[in-house]
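Work through the exercises below with the sequence and the model at hand. Each task is followed by a solution in steps.

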Amino acid sequence: MPTTRARVLVVLVLLLGFLTAAGPAPAAAAPALSDALWFDETPLTVRDGRFTDGHGREVVLRGYNVSGETKLAENGGLPFASVADARKSAAALRALGGGNTVRFLLSWAYAEPVRGQVDTAYLSAATAQIGAFLDAGLRVYPDFHQDLFSRHLFDADSWYTGDGAPEWAVDAGNYPDESCGICLFWGQNITQNEAVTRASYDFWHNAYGLQDAFLATAQTTMTYLRQHLGAARFTGVVGFDPYNEPHAGSYDSGQTSRTWERDVLWPFYERFRARMDAAGWQDKPAFVEPNLFWNANLDFQRQEGGLLDAGRLGPRYVFNTHFYDQKAISGIFMWGKAQDGQYSGDFGTVRDRAAAAGTPGIVSEFGHPLAGSVADKAPTVLKAMYQALDSRVKGASWWSDPAASGPVLSGSQWQWDIYHGRHHELMNGNPDKVLTAGDAWNDEDLSAVRLDDSGTPVLRQDARLLDRLYPSATAGTTVAFTYEDRSRDGSTTLTWNPVPASLPQVARLVGTGQYGLLMWRSGDGSAPTELHLPASFPTGSTTVVSDLGTVHAPPAYTSTTPVAVAPEPGGTGSRRLLLTDTDSGAPHFALVTNGASAPSAELLAAARSELAAWAAGR
């Protein structure tokens, strides 16, 4: 999805298109995931406002969008040129990027290139690539992606391009020649390009039967995925994002952004939900997005919204939104860099809106440009965004008020494109405008990954920032979580959440290392609490201080080992910490750090005593 989002007039919109079809014979049952344990491979559902697995554990979805390549023509609207590339990308995303979930982009234009005729070859290729991510132990939620309605609105020599709707959908409208007027950034087309605004308006009002056609293709696509992934793989599909960054295009007389959401957008989501049910996705939620400007952090862009009149959404819908710091991207409205707690309020608003709707919240796109005039802000902006996903309390205040953290938010960074800087995209089909640099789309450059000269995926951002400790599954209810990643801004290590001086033994144990602290109240099940262990936490350097046990270099998992490590499912080499309690409704804590090489038993005992007293007071 769009992440670099036009520096000032932000955010992208409009239609998304997607796939459909019937097709070859259903896939045979996929083998069980390598490294899977008895509590893995259960379906995800929404319960009590949280994502939960089959053992009742609270689940946090973290990962990336895969990928902006879908917006390009070079690979036919697919994220990858081959299944082999998809496997390579998935393994790297798991092992280097620390993700457990991907938002997988699909294209309506390539799914239904001729009206009423679904391209089963496209669906087959997309299904195989999705399968590569599922086989790596990653959960997947597909997304019908669109930006600026369609590339087919734009002239061959245009400064801009779009993605989403098929050419026949554009031809039906006989739209005016595209022009953004005086536009500095591509996102301004959303509201200033008459071709884009009229096409978007037509979609939402079902002119020329466009919405009917989209929904039919969506149902065919979902049916195809369910049938051809096979039952085991389909368990790892957690839902569907119907439409990327919706916007009205233009409002009717007397209509507001809020009433547009109520009277136009929400009925569309109900129609999409019915198509999900008909396709056999009854138990999977729709990841529904409000008006894309509802949470813009520039006052002149913000529009009232957030699906305020939709009532309680769970368990059949998830509150799904995007966030980009348009002030930082603009290069005008925020001169300096992000600070501790920069986005606590913005992400707190997402938590509050999701809680009011009775469903989980997910930030399915966030990010910042990694090249250009504002790229120097990226290390601090991304650190502050991840901090806000983890907790609504800034680092300087966390130790004094951890219970105000709120739920740990799920999120998908924009984006994960292994072809970054190696594209060969004919912009709007123009052989005289071949794009190779960056993301090859409207001057964006946000991919966290690229291929080196040997064809090996490597990170473009600090591994300490991306490969993070986080509670992927909590056996009970999360009370509070924080993670100090010690990520770097150039040569400067950023420490926004130091251990307070009132806990000297804990501070001594952590030292200059990374650490995370989870507080939770146990549930009724027997499955353990899981935290993803970054590669910077090798077993021999990992120390856990918990009321369940205090251990340096935790042993391999058994059902009777309270503090242990195990591989994550999928065979990619990624690992997890497993914490097993035997009670119900009891408070627990666990500090995880890589700051001590060989801590003494005395230090471990002293740190545990300090933490126990601190936790009891909170």
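**Exercise 1.** Decide whether L134 is buried or exposed, and find its surroundings.

Step 1. L134 counts as buried because its relative accessible area is 5%; buried means under 20% relative accessible area, exposed over 50%, and partly exposed in between, with a 1.4 Å probe and protein chains only. The structure is a predicted model, in which local features need pLDDT of at least 70 and side-chain atom pairs count only at pLDDT 80 or more, while totals for chains, interfaces and linings use all residues. Residues are numbered from 1 along each chain as its sequence is written, and side-chain values use heavy atoms, with hydrogens and water left out.

Step 2. L134 belongs to helix α3, residues 120-135. Helices (H or I, at least four residues) and strands (E, at least two) are DSSP runs, numbered from the N terminus.

Step 3. Apart from neighbours within four places in sequence, the contacts of L134 are L33, V140, L229, R233, G236 and V237, where contact means heavy atoms within 4.5 Å. The C-alpha atom of L134 is also 8.1 Å from that of G570, although the two residues are 436 apart along the chain.

**Exercise 2.** Describe how helix α11 packs against helix α12.

Step 1. Helix α11 (residues 344-357) and helix α12 (residues 378-390) have axes 9 Å apart and an angle of about 35° between them. Axes are lines fitted to C-alpha atoms, for helices over the stretch in contact, and angles run from 0 to 180 degrees between N-to-C directions.

Step 2. On the α11 side the residues are S344, F347 and R351, and they meet M385, A388, L389 and D390 of α12.

Step 3. For α12 itself, 12 of its 13 residues are buried. M385, A388, L389 and D390 are among them.

**Exercise 3.** Place strand β21 in its sheet, and state which way its side chains point.

Step 1. The open sheet has five strands in the order β16-β19-β25-β21-β22, with antiparallel pairing; two strands pair if DSSP finds at least two bridges between them. Its edge strands are β16 (476-484) and β22, each pairing on one side only.

Step 2. β21 is joined to β22 (residues 549-552) by four antiparallel bridges, and these two strands make a hairpin with two residues between them. Towards β25 (residues 587-593), β21 again has four bridges and runs antiparallel.

Step 3. S546 has a bridge partner in each neighbour: G549 in β22 and A590 in β25.

Step 4. In a regular strand the side chains alternate between the two faces of the sheet. In β21 (residues 543-546), T543 and V545 point one way, V544 and S546 the other, and all are buried.

**Exercise 4.** Find backbone values that call for a second look in the loops.

Step 1. Start from the rule: most residues other than glycine have a negative phi, and most peptide bonds are trans.

Step 2. F149, not a glycine, has a positive phi of about 70°. F149 sits in the loop between β6 (139-144) and α4 (167-173) and is buried, at 0% relative accessibility.

Step 3. A440 has a positive phi near 60°. A440 is in the loop between β12 (434-435) and β13 (449-451), and its relative accessible area of 6% makes it buried.

Step 4. Two cis peptide bonds can be listed: G314 to P315, with omega near 5°, and W414 to Q415, with omega near 0°. P315 lies in the loop between β7 (286-288) and β8 (317-324), and Q415 in the loop between β10 (410-413) and β11 (425-426).
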